[in-house]
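Visitor: I would like to go through some labels on this model and ask how each one is justified. Please set each value against its cut-off.

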Amino acid sequence: MPTAPSPLPDSAATDRPVTSGRPPGRAGGPARRRADLVVAVVAVALAGWVTSGLSAGPDSRAITVNSSDQALFEWLLGYGAYALTHGENPLFTYLLNAPDGVNLAVNTSITVYAVLFAPLTFLIGPPATFLVILTLNLAGTAFAWYWLLSRLPTGDNGAPFVPSRLAAAVGGLFCGFAPAMVSHANAHLNWTAGWLVPIIVWRVLALRGRPGARPLDRGGWVRNGLILGPLVAAAFSIAAEGLFFTALACGVFLGVSALDRSRAAEVRDALPRLLRGLALTAVAATALLAYPLWLHFFGPQVFHGTGFDARVHSEDILAYGAFPERSLAGVAGLGTGLAPNETEENSFFGVPLLMLTVGCLVLLWRAADPGRRATLRALAVTAALFAVLSLGPRLKIGGTITDIPLPYAPLAGAPVFNAALPARLAMVVTPVIGILLALTLSLLLTRRAAGQARYGRWWAAAFAAALLPLTPASLLTIEREPIPDFITSGAWRDHVSRGGVLAPVPFTLDVLPDGQRWQAYAFAHRQGEFAIPSGFFLGPGGPDGRGRIGPVPRATDGLLHEVARTGVVPPITDADRAAARADLRYWDAEAVVLADQVHGAKFPVDAEALLTATTELLGPPQRITDVWLWPAPEGGW
């Protein structure tokens, strides 16, 4: 039976001769399974190497450059497991930002992960579960791209998209451990879930059905539309911004490919099934996402636009030729620091890889027939467009934002675009490069097998020079302050009612995440629940109706944040004391708690200065196990 057409024409099938009556894409069962196993083992080993710094002690170690996001995702895993077992709303909670609550649907809620891994979270705790998911994300992304490249059928005979399993493995491993992926492995469980992208791409291509099938043939678009709907829903839960970019990239690629004259007949044949399949996908996804979408766009504590400056969070044009920090080249001192931070090295391919990519495109173009060239053109246009858009609204060169406007400028304030960071559009370029590397290597290996190899050593040297500097290094980690015995022993339950408000000092923010770490521990160890004021989340209150990190600060949390940051206790006045009590009444806090050690994600925290400042605000504390505690007075604050 003929299979669905692929992005590449049948010439892709000529890269490996057919030696049996079976289609090449289905041949070599045991050998293929062995290859799959080898690729899976290599992917898991590389992922384990990247995350090895956490493996030494998940509960006691944190990612150096982004311990705040790590704490957030650990909290999401803990809260998701708690919500599942207690019948709570997984997409809105009043346990953060008391009394106003937090809309998790408009944040990165990773609900699918939280639910699926809830048993593991209860078994080994949120930090270890975070490490497992992060490692599986990296390995799964590499393997999923390998699977797509080696399995996607082309033409009527079902030949694989990339006939050489070795070439497909190189392409897949590059996609899974590219600079952007290793950079986002600094605590981003959403962006490292790149395994979803090749699966979605495969299902989108499969929507077109079989070549020559009737427009209403239910063999392809119905089945695949129903499969793609839940995939879209899962992707929305894990990384809505990534889903948006994937949809844009698929649209650009298919649109450019369809405009080629050599594809006219194929487009006329497939378009009705594709459109009907996408409509069915939309219905299925909307049915699953009706409530999350309503909450995302119209629910309480909603906002429009992240509040991040698109000019800052755009790609520096020099970053495309730079090397990433956590790579062999970066460790050797060739890193540049051109990213806004070390979690956003979304391009950083290095000049050798850029040159190799151009060479691959030229070689493939020269060897291609008109149909293949249509696909190569679509790949090149997609990569170029997203590279340009990733530069943001104003050109940035060497860290300097110029006044030169770019095509992204009119998009910056558009719906959905205003909630995305333009620099991340560069991540679309990664799989395009991976595909070109895989196709080129497959072609070179085929020519070598046929005795037609030319310049083989030069190509081998070019691949080595481009890829070896990008070999990933393990993530940097640090020891983080332990969760106090006051929490781990459950002693907090003697001072705070179930669901009552415990106010950690300093008040929880992205740079001071301990309060959410305490909550995550309580959730995962079935101690019950307590609420906290403030928190690390995106909520309303930013300029022009946009979002901001955490709530709009009140007097007391602002004062104690400055003490935590600077270690300096300002003169405390009666007005400060009155404001503190008013704030604690607003939060309905039952107890204020200061641990002996406080984790600062971006700066060291002076717990002694915090003890002095809080004592001057609220009076002498009680010593309970290993914390200082200020209980609410009998008559309230």
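Visitor: Where is T625 placed?
Guide: T625 is in the loop between β13 (622-624) and β14 (627-631). Keep in mind that this is a predicted model.

Visitor: Why is T625 called partly exposed?
Guide: Its relative accessibility is 46%. Buried means under 20% and exposed means over 50%. The value of 46% lies in between, so T625 counts as partly exposed.

Visitor: What makes the phi of T625 worth a remark?
Guide: Phi of T625 is near 45°, a positive value in a residue other than glycine. Most residues other than glycine have a negative phi.

Visitor: What is the phi of A187, and where does A187 lie?
Guide: Phi of A187 is near 90°, again positive in a residue other than glycine. A187 is in the loop between α8 (179-184) and α9 (196-206).

Visitor: Why is A187 called buried?
Guide: The relative accessibility of A187 is 0%. The cut-off for buried is under 20%, so A187 counts as buried.

Visitor: Which peptide bonds are cis, for instance at P99 and P506?
Guide: A cis bond joins A98 and P99, with omega about 5°. Another joins V505 and P506, with omega about 0°. Most peptide bonds are trans.

Visitor: Where do P99 and P506 sit?
Guide: P99 is in the loop between β2 (92-93) and β3. P506 is in the loop between β9 (501-505) and α18 (514-524).

Visitor: How do you know whether N107 is buried or exposed?
Guide: N107 has 17% relative accessibility. That is under 20%, so N107 counts as buried. Its place is the loop between β3 (102-103) and α4 (111-116).

Visitor: What does the side chain of N107 reach?
Guide: It reaches the backbone nitrogen of L538 at 2.6 Å. The limit for a polar contact is 3.5 Å, so the pair is within it.

Visitor: Which residues does N107 contact, leaving aside neighbours within four places in sequence?
Guide: N107 is in contact with V102, F537 and L538. Here contact means heavy atoms within 4.5 Å.

Visitor: How do you know that D557 has no salt bridge?
Guide: The nearest side chain of opposite charge is R554, 6.3 Å away. A salt bridge needs a distance within 4 Å, so R554 does not qualify. D557 is buried all the same.

Visitor: What else is there around D557?
Guide: The side chain of D557 reaches the backbone nitrogen of R554 at 2.8 Å. D557 also touches F507 and W587, not counting residues up to four places away in sequence. D557 itself is in helix α19 (residues 555-566).

Visitor: Which residues make the nonpolar surface patch?
Guide: Y291, W294, F297 and F298 make it, and its area is about 460 Å².

Visitor: What makes Y291 eligible for the patch?
Guide: Y291 has 39% relative accessibility. A patch residue needs over 30%, so Y291 passes that cut-off. With 39% between 20% and 50%, Y291 counts as partly exposed. Y291 lies in helix α11 (residues 264-298).

Visitor: Why is A45 called partly exposed?
Guide: A45 has 48% relative accessibility. Exposed means over 50% and buried under 20%, so A45 counts as partly exposed. A45 is in helix α1 (residues 29-50).

Visitor: What separates A45 from A139?
Guide: They are 94 residues apart along the chain. Their C-alpha atoms are separated by 8.1 Å.

Technical notes: Residues are numbered from 1 along each chain as its sequence is written. This is a predicted model: local features need pLDDT of at least 70, side-chain atom pairs count only at pLDDT 80 or more; totals for chains, interfaces and linings use all residues. Side-chain values use heavy atoms; hydrogens and water are left out. Helices (H or I, at least four residues) and strands (E, at least two) are DSSP runs, numbered from the N terminus. Buried means under 20% relative accessible area, exposed over 50%, partly exposed in between (1.4 Å probe, protein chains only). A polar contact is a pair of N or O atoms within 3.5 Å; within protein, one must be able to donate a hydrogen and the other to accept it, and residues adjacent in sequence count only if both atoms are side-chain atoms. Patches are made of residues with over 30% relative accessible area and no salt bridge: like charges are joined within 9 Å, nonpolar side chains (Val, Leu, Ile, Met, Phe, Trp, Tyr) within 5 Å. Accessible areas come from the Shrake-Rupley method with a 1.4 Å probe; for residues, only the protein chains shown count as cover. Lys and Arg count as positive and Asp and Glu as negative; His and the chain ends are not counted.
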